[in-house]
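Work through the exercises below with the sequence and coordinates open. Each task is followed by a stepwise solution.

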Amino acid sequence: KSANPQWREQFDFHYFSDRKDMLDIEVWRKDNKKHEELLGTCQVDITALPMKQTNCLELPLEKHPGSLLMLIAVAPCTGVSISDLCVCPLGDPSERQQISQRYCIRNSFRDIKDIGFLQVKVLKAVDLLAADFAGKSDPFCVLELGNDSLQTHTVYKNLNPEWNKVFTFPIKDIHDVLEVTVFDEDGDKPPDFLGKVAIPLLSV
């Protein structure tokens with residue numbers, strides 16, 4: 001019940017240079033009956049923002065009254081990667097040795113913020129729920145760690161998809177939980193939920 005809401009939330013997005021350069025933002029309202037209404041949209045051209053500084057932007061909502069006040073910082077991305085199984089970042093013995101040395105006990109206090117990283121190999125799913133009328137699904141997999149999120153490609157018309165991707169996340173909090181969710185791609189509609197598993201980092 002506010003026309004001037006303050007959220008004060010921070011989100012990290014992994015921006016890869018080979019993808020589109022526009023950040024799309026939508027503002028919605030929801031009443032008690034779960035009815036949703038679009039209050040406005042705006043866009044930010046990421047390539048036009050100066051690097052390595054916090055940019056304060058006041059963005060007018062398109063075709064609607066009101067504006068959004070946002071702080072956006074574009075910084076070099078460290079520790080995050082997506083690769084195929086055949087070029088796994090930890091597959092090289094010399095790289096494994098460098099990492100072992102980086103996180104050995106005597107280097108524990110060299111960089112307090114560098115807790116470590118998590119590498120996840122997403123191989124395949126088996127016997128998924130059929131979300132389409134044809135008895136098939138178009139599954140993709142989303143991995144979330146803290147407020148970091150990465151996803152696989154979509155395998156179309158398949159209940160036993162194979163992704164064979166390797167995801168690497170920097171760990172910011174050892175108490176975080178890795179959430180792995182499988183969705184069915186549904187064109188312009190929101191994806192359908194096919195299943196989820198949660199793995200606390202402390203259990204690994």
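**Exercise 1.** Is I174 buried, partly exposed or exposed? Place the residue in the chain and name the surface patch that I174 helps to make.

Solution. The model is a predicted one.
- Step 1: the relative accessible area of I174 is 34%. Buried requires under 20% and exposed requires over 50%, so I174 is classed as partly exposed.
- Step 2: I174 sits in the loop that runs between β9 (162-170) and β10 (177-184).
- Step 3: patch residues need over 30% relative accessible area. I174, together with I115 and L202, makes a nonpolar surface patch of about 260 Å².

**Exercise 2.** Which side chain does the side chain of D148 contact? Determine also the exposure class of D148.

Solution.
- Step 1: D148 belongs to strand β8, residues 148-151.
- Step 2: with a relative accessible area of 2%, D148 falls under the 20% limit and is therefore buried.
- Step 3: the D148 side chain makes a polar contact with the side chain of K172, at 3.5 Å.

**Exercise 3.** How many aromatic pairs are there? Describe the geometry of the pairs Y103–F117 and F183–F193.

Solution.
- Step 1: counting ring centres within 6.5 Å gives three aromatic pairs.
- Step 2: one of them is Y103 with F117, at 6.2 Å centre to centre and 50° between the planes, a tilted pair. Y103 lies in the loop between α1 (93-102) and β6 (117-124), while F117 is in strand β6, so this pair ties together parts that are 14 residues apart in sequence.
- Step 3: Y103 is partly exposed at 27% relative accessibility, and F117 is partly exposed at 26%.
- Step 4: F183 and F193 form an edge-to-face pair, with 6.4 Å centre to centre and 75° between the planes. F183 is in strand β10 and F193 in strand β11 (residues 192-200), so the pair links parts that are ten residues apart in sequence.
- Step 5: F193 has a relative accessible area of 51%, over the 50% limit, and is therefore exposed.
- Step 6: F183 and F193 also join F140 in one aromatic cluster.

**Exercise 4.** Which residues does UniProt list for "domain: C2"? Characterise the span 93-204.

Solution.
- Step 1: the unreviewed UniProt entry lists residues 1-59 and 93-204 under "domain: C2".
- Step 2: residues 93-204 are 9% helix and 40% strand.
- Step 3: the end C-alpha atoms of this span lie 22 Å apart.

Conventions. Residues numbered from 1 in each chain as written. Predicted model: local features only at pLDDT ≥ 70, side-chain atom pairs only at ≥ 80, totals over all residues. Heavy atoms only, no water. Patch = residues over 30% accessible without salt bridge, like charges linked within 9 Å, V, L, I, M, F, W, Y side chains within 5 Å. Areas by Shrake-Rupley, 256 points an atom, 1.4 Å probe, with all protein chains shown as cover. Salt bridge = Lys/Arg side-chain N within 4 Å of Asp/Glu carboxyl O. Helix = DSSP H or I, 4+ residues; strand = E, 2+ residues; numbered from the N terminus. Buried < 20%, exposed > 50% of the residue type's maximum accessible area, 1.4 Å probe, protein only. UniProt positions renumbered as here; feature names shortened; annotations may be inferred. Polar contact = N/O pair within 3.5 Å; in protein donor to acceptor, adjacent residues only side chain to side chain. Phe/Tyr/Trp six-rings, centres within 6.5 Å; stacked < 30°, edge-to-face > 60°.
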